[in-house]
Amino acid sequence: MTASRRYHITTFGCQMNKADSERMAGILDAMGMEWAEDPNQADVILYNTCTIRDNAEQKVYSYLGRQAKRKQEEPALTLIVAGCVAQQEGESLLRRVPELDLVMGPQHANRLQDLLEQVFEGGQVVATDAVDILEDITKPRRDSAITAWVNVIYGCNERCTYCVVPSVRGVEQSRTPEAIRAEMEDLSCQGFKEVTLLGQNIDAYGRDLPGATAEGRHQHTFTDLLYFVHEVPGIDRIRFATSHPRYFTERLIRACAELPKVCEHFHIPFQSGDNDLLKAMARGYTHEKYRRIIHTIREYMPDASISADAIVGFPGETEQQFQNTLKLVEDIGFDLLNTAAYSPRPGTPAALWDNQLDETTKADRLQQLNHLVSIKAAERSQRYAGRIEEVLVEDANPKDPTQVMGRTRGNRLTFFKGDSTELKGRFAKVRITEVRPFSLTGELLSAADQSEISNPAVLAEV
Ligand code: SAH
Ligand code: SF4
Ligand code: F3S
């Protein structure tokens with residue numbers, strides 16, 4: 001009997017995991033289960049896990065420990081670990097937490113029903129073999145009704161020496177342009193307004209699709225995909241992540257400048273501002289190349305927002321090399337930077353090197369970098385003061401129901417007074433009255449069902 005079961009999903013990690021969780025929730029809904037807000041009320045608990053750094057992995061074990069204890073009193077409880085920890089640990093997770101019913105890697109997300117049926121028949125199941133990812137036929141249960149994730153490529157073929165992603169997410173697998181466009185058309189029919197196209201290395205899109213030539217040239221680059229999906233009516237904003245500086249092309253920049261729905265926001269991790277460290281990380285570019293990319297973006301789109309990821313305390317990082325990272329951050333002026341102290345990961349080359357830094361140095365550098373980041377982000381925010389921005393309203397502000405919240409095209413979270421039932425899903429013209437490092441406040445001037453920026457023809461007709 002699945003009909004009376006209630007489920008809860010807790011998601012850790014990146015946007016890929018969030019997208020996978022929405023698809024898995026869709027599968028559970030289709031199986032007749034119901035969402036339980038409180039995990040303690042649920043009969044099926046799924047942890048969709050992340051192992052990018054040690055603290056992410058440890059968090060999973062502490063959550064899991066609590067529910068494993070509960071299972072000792074309620075043996076009917078079904079416990080699932082999905083995602084990247086599942087893939088990394090596989091069978092050994094069962095030894096660590098014998099209460100587990102199902103351990104499933106990210107490539108198996110779309111197979112959840114099949115796997116769960118095996119569990120309900122009394123099995124303990126581990127699904128971590130490498131597979132061709134199936135197209136999902138179930139409708140995801142999306143968190144938002146306005147903005148949606150759409151996977152375009154799974155996996156990663158890079159070998160950055162610090163990173164577990166290739167070993168837990170497997171090789172690159174692109175979806176076909178037709179499947180991606182069909183999903184976007186469906187989203188548009190459901191009233192979604194914004195789509196974020198997802199891939200760990202989105203610039204690799206299409207390399208594995210039929211039609212690729214021996215030299216690695218292919219007919220379906222990510223840029224081609226942008227042109228192909230741009231016409232989907234009703235989807236007025238398109239975003240994408242994550243870009244890799246090694247493969248980022250001027251043709252892509254030109255497409256973003258040319259295509260009105262593509263928002264002027266680029267997430268391009270640089271990881272380090274030092275060329276020797278970039279080499280040790282096997283990133284395949286120099287800081288000069290990174291600077292050129294940002295320069296070109298700003299030539300085409302002077303107002304573009306730029307965000308990135310960076311790691312401090314990579315093995316062997318000297319004070320001077322760390323200073324080079326600070327210098328890059330100082331020079332570029334990021335709108336947002338995700339920073340992390342290097343964490344040695346199982347199975348990655350850098351974890352085995354003997355030039356590891358001590359935790360105090362790493363923590364100290366992280367603090368210095370974060371301090372600089374918030375100063376620079378505050379400077380970047382200043383350019384919004386007094387401006388009129390187009391904000392796609394996503395919801396009420398959970399902290400102040402008299403306000404709504406949404407994002408500018410540059411991805412700045414923006415709050416303003418207004419009624420969410422009236423404004424949700426609409427494009428509001430907002431005058432920015434208050435700026436903070438990572439968010440803005442403004443006042444509503446007008447609202448429309450379509451974006452004027454994305455539909456310049458509409459504007460011309462008025
Ligand atoms: N595919 C993306 C990012 C994937 S992981 C890219 O190529 O940039 C997200 C971020 O986590 C990375 O950009 C990196 O900054 C950070 N990260 C990955 N492995 C890490 C590690 N071992 N220690 C600390 N940070 C790490
Ligand atoms: Fe990890 Fe590098 Fe792949 Fe990004 S490109 S997911 S950092 S291996
Ligand atoms: Fe974490 Fe896996 Fe994403 S390790 S960052 S959830 S790809």
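Select ligand 1 and Tyr-162 to begin: in this predicted model, a nitrogen atom of the ligand is 3.0 Å from a polar backbone atom of Tyr-162. Next, add Gln-200 to the selection. A polar backbone atom of Gln-200 is 2.7 Å from a nitrogen atom of ligand 1. Then display the side chain of Arg-283, where a polar atom lies 3.3 Å from an oxygen atom of the ligand. To view the whole surroundings of ligand 1, show its 15 neighbouring residues. The closest of these are Tyr-162, Gln-200, Gln-271, Asp-309 and Ser-343.

**Ligand 2**

Keep Tyr-162, Gln-200 and Arg-283 on display and turn to ligand 2, since these three residues also belong to its surroundings. The other residues to select around ligand 2 are Cys-156, Glu-158, Cys-160, Cys-163, Val-165, Pro-166 and His-244. Colour this shell by residue class, and it divides into 6 nonpolar, 2 polar and 2 charged residues.

**Ligand 3**

Which residues surround ligand 3? Select Cys-14, Asn-17, Thr-49, Cys-50, Thr-51, Ile-52 and Cys-84, and then add Val-165, Arg-169 and Gln-200. By class, the shell around ligand 3 contains 5 nonpolar, 4 polar and 1 charged residue.

Now colour the protein by its assigned domains: domain 1 covers 6-127, domain 2 covers 147-381 and domain 3 covers 385-461. Where does ligand 3 lie with respect to domain 1 and domain 2? Ligand 3 lies between these two domains, because both give residues to its shell.

**From domain 2 to domain 3**

Select domain 2 and domain 3 together. Their C-alpha centres lie 26 Å apart. At the interface, 22 residues of domain 2 are in contact with 26 residues of domain 3. The area buried between domain 2 and domain 3 is about 1800 Å², with carbon and sulfur atoms giving 45% of it. On the domain 2 side, highlight Asp-236, Arg-237 and Ser-381, which supply 35% of the area that domain 2 buries against domain 3, more than any other three residues.

Next, examine the charged and polar pairs across this interface. The count between domain 2 and domain 3 is 3 salt bridges. For a salt bridge to inspect, select Asp-335 and Arg-412, whose closest N and O atoms are 3.8 Å apart. Across the interface of domain 2 and domain 3, 18 residue pairs are in polar contact.

Which elements give two or more residues to the side of domain 2 that touches domain 3? Select β11 (237-241) and α13 (359-382) to see them. The largest share of this side, 6 residues, comes from α13. By class, the side of domain 2 that touches domain 3 has 7 nonpolar, 5 polar and 10 charged residues.

**Two backbone details**

Go next to Ala-241 and Thr-242 and show the backbone. The peptide bond from Ala-241 to Thr-242 is cis, with omega near 5 degrees. Thr-242 is found in the loop between β11 and α9 (250-258).

For the last stop, select Ala-282. What is the sign of its phi, positive or negative? Although Ala-282 is not a glycine, its phi is positive, at about 60 degrees. To place Ala-282 in the fold, display α10 (275-280) and α11 (287-300), as Ala-282 lies in the loop between them.

How values were computed:
Residues numbered from 1 in each chain as written. Chains lettered and ligands numbered in written order. Predicted model: local features only at pLDDT ≥ 70, side-chain atom pairs only at ≥ 80, totals over all residues. Heavy atoms only, no water. Domains from an automatic or database assignment. Contact = heavy atoms within 4.5 Å. Buried area = accessible area lost by both parts, 1.4 Å probe. Salt bridge = Lys/Arg side-chain N within 4 Å of Asp/Glu carboxyl O. Polar contact = N/O pair within 3.5 Å; in protein donor to acceptor, adjacent residues only side chain to side chain. Helix = DSSP H or I, 4+ residues; strand = E, 2+ residues; numbered from the N terminus. Nonpolar A, V, L, I, M, F, W, Y, C, P; charged D, E, K, R; others polar. Near = heavy atom within 4 Å.
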